[in-house]
Amino acid sequence: MTGPALAQSPADAAPSGADWAAAVAAVRSVAADGRVLLICHVNPDGDALGSMLGCALGLRRMGLRQLQATFPGPPGVAEPFSGLPGLDLLVPAADAWTDPDLVLCFDAASVSRIGDLADRLDRAGEVVVLDHHASNTRFGRIHLVDPFAAATSVVVEGLLDRLDVPLDREIAECLYVALTTDTGSFRFAMTTPAVHEMAARLLATGLRPEEISRRVFDTRPFGAVRLYGDVLGRAELEPEAAAGLGLVWTYATLDDLARHGQPAYVLEALIDSVRCTAEADVSCVLKQVAESEWAVSMRSKGPVDVSRVAVALGGGGHRLAAGFTGRGSANDVVAAIRTELDRVLAEPE
Ligand code: AMP
Ligand code: MN
Ligand code: MN
C-alpha cells in the first residue's frame with residue numbers, strides 16, 4: 001500500500017466527504033490502461049455480485065479498459081445470477097492480478113471474507129472498501145462503509161454518481177439485483193424512502209423487474225422443491241430457547257443435496273422458509289459444507305441481535321441477518337447457538 005490509512009470515520013457513521021473525495025480521486029487517478037481488480041466476498045450473494053459488477057460496468061463506461069472481477073473459492077456463479085450483465089469481467093481468483101493499480105472490495109465486513117485474495121490488498125496501489133456492515137473492520141485504506149445503507153449497491157450508486165457515470169440499463173440491473181436481495185424485495189427494515197427513490201432511478205433505465213425477480217428469486221429446479229420438503233420436514237421448534245423468544249432450526253446435509261441431485265446454491269433461500277415461523281423469533285439453518293463443517297444462517301424478527309451470536313461464534317453480519325461457520329455435528333452447532341443466545345440475551349447491548 002502507498003501510505004498510512006486515512007483518518008477513520010466512526011464505525012457508526014456514513015462515509016465522510018473526505019472519504020468520498022479520496023475514493024473518487026483513487027478511481028480518477030487510474031490511467032485508461034491501469035489495472036483495476038474488483039473483489040467481493042466468498043460464496044457471493046446478489047449484493048456482492050451485483051455491487052461488484054455494476055461498479056465494474058460503470059468503470060468500463062468511464063473508459064477503463066483493464067478490469068477484472070473476482071471472488072475467492074470455486075469460480076462461476078449460481079444459476080440465479082447467470083443472467084447478470086458484466087459477467088464477462090469475471091476471472092477465477094487464481095488468475096486475478098497480484099499487484100493491481102487499484103483494488104475495490106465489495107460487501108465484505110472483514111478480510112477473512114475474501115479468503116486467498118487478501119494478499120492482493122497488500123500489493124495494490126490503492127484499496128477502497130465499499131460495504132454496509134456495521135461490523136466492518138476497515139481492512140482497506142479508503143473506506144466507503146455506510147452502516148445505514150440497505151445494501152452495498154447503495155454505496156456503489158453513490159460512488160458512480162460522484163464519478164459522473166450515468167446509470168444505464170446494465171449497471172441498473174446489477175444494482176437492482178443487489179438492492180432487492182439485501183432488502184428482501186423491499187420488505188426489510190432498511191427499506192427507507194431513499195431505497196425506493198434509488199429503485200425508481202434504476203427502474204427508469206427500462207429494466208424489467210418481473211424478469212429479474214423471476215430469474216433471481218422465483219426459479220428453482222424441481223429437485224430443490226423435493227429437497228425443501230425433506231429439510232423442512234425435520235425442522236425443530238424450541239419455544240423455550242432464546243429466553244422464551246423461541247428458536248426454530250433445521251439442517252441440510254451434503255447427502256440431501258446428492259440425493260436430490262442439487263447444487264448448494266438452492267439452499268440459500270431455505271432460511272426464508274424457516275424464518276416465517278410465528279412461534280420463534282430466532283431462526284437458523286445449518287448447511288453442511290464438509291464432514292464436520294456447516295455454513296450457518298441466522299435471522300431474527302427484531303428482539304435478538306443475531307450478529308452478536310454470529311460474531312461470538314467466529315462469523316458476522318447484521319443485527320437481523322447473520323452467519324458463521326459451525327464445526328462438529330449439527331447438534332453441537334445448535335447447542336453452541338443456544339448457549340450464545342442465552343449469553344447475548346443476558347448481557348446488555
Ligand atoms: P446468509 O445467511 O448467508 O444470507 O448471511 C447473512 C449475513 O450474515 C450476510 O449478509 C453476511 O453479512 C453474514 N455472514 C454470513 N456468513 C458469514 C460468515 N461465515 N462470516 C461472516 N459473516 C457472515
Ligand atoms: Mn453479502
Ligand atoms: Mn450486503
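**Exercise 1.** Classify Asp 45 in this predicted model: buried, partly exposed or exposed?

*Solution.* Start with the value: Asp 45 has 25% relative accessibility. Next, the cut-offs: buried means under 20%, exposed over 50%. Asp 45 therefore counts as partly exposed.

**Exercise 2.** Classify Asp 107 in the same way.

*Solution.* Asp 107 has 2% relative accessibility. Buried means under 20%. So Asp 107 counts as buried.

**Exercise 3.** List the protein donors of the manganese ion (ligand 2), then place Asp 45 and Asp 107 in the fold.

*Solution.* Step one: the donors are His 41 (NE2), Asp 45 (OD) and Asp 107 (OD), at 2.0 to 2.3 Å from the ion. Step two: their sequence spacing reads H-x3-D-x61-D. Step three: Asp 45 sits in the loop between strand 1 (35-40) and helix 2, Asp 107 in the loop between strand 3 (102-106) and helix 3 (119-123), so this pair ties together parts 62 residues apart in sequence.

**Exercise 4.** Which residues coordinate the manganese ion (ligand 3), and where do Asp 47 and His 132 lie?

*Solution.* Coordination comes from Asp 47 (OD), Asp 107 (OD), His 132 (NE2) and Asp 182 (OD), at 2.1 to 2.3 Å. The spacing is D-x59-D-x24-H-x49-D. Asp 47 belongs to helix 2 (residues 46-61), and His 132 to the loop between strand 4 (126-131) and strand 5 (142-145), so the pair links parts 85 residues apart in sequence. Both Asp 47 and His 132 are buried.

**Exercise 5.** Which residue bridges the manganese ion (ligand 2) and the manganese ion (ligand 3)?

*Solution.* Check the donors of ligand 2: Asp 107 is among them. Check those of ligand 3: Asp 107 is listed there too. Asp 107 is the bridge, and the ions lie 3.8 Å apart.

Notes: Residues are numbered from 1 along each chain as its sequence is written. Chains are lettered from A and ligands numbered from 1 in the order in which they are written. This is a predicted model: local features need pLDDT of at least 70, side-chain atom pairs count only at pLDDT 80 or more; totals for chains, interfaces and linings use all residues. Side-chain values use heavy atoms; hydrogens and water are left out. Donors are N, O and S atoms within 2.8 Å of the metal (3.2 Å for Na, K and Ca); water is not among the atoms, so sites may look incomplete. Helices (H or I, at least four residues) and strands (E, at least two) are DSSP runs, numbered from the N terminus. Buried means under 20% relative accessible area, exposed over 50%, partly exposed in between (1.4 Å probe, protein chains only).
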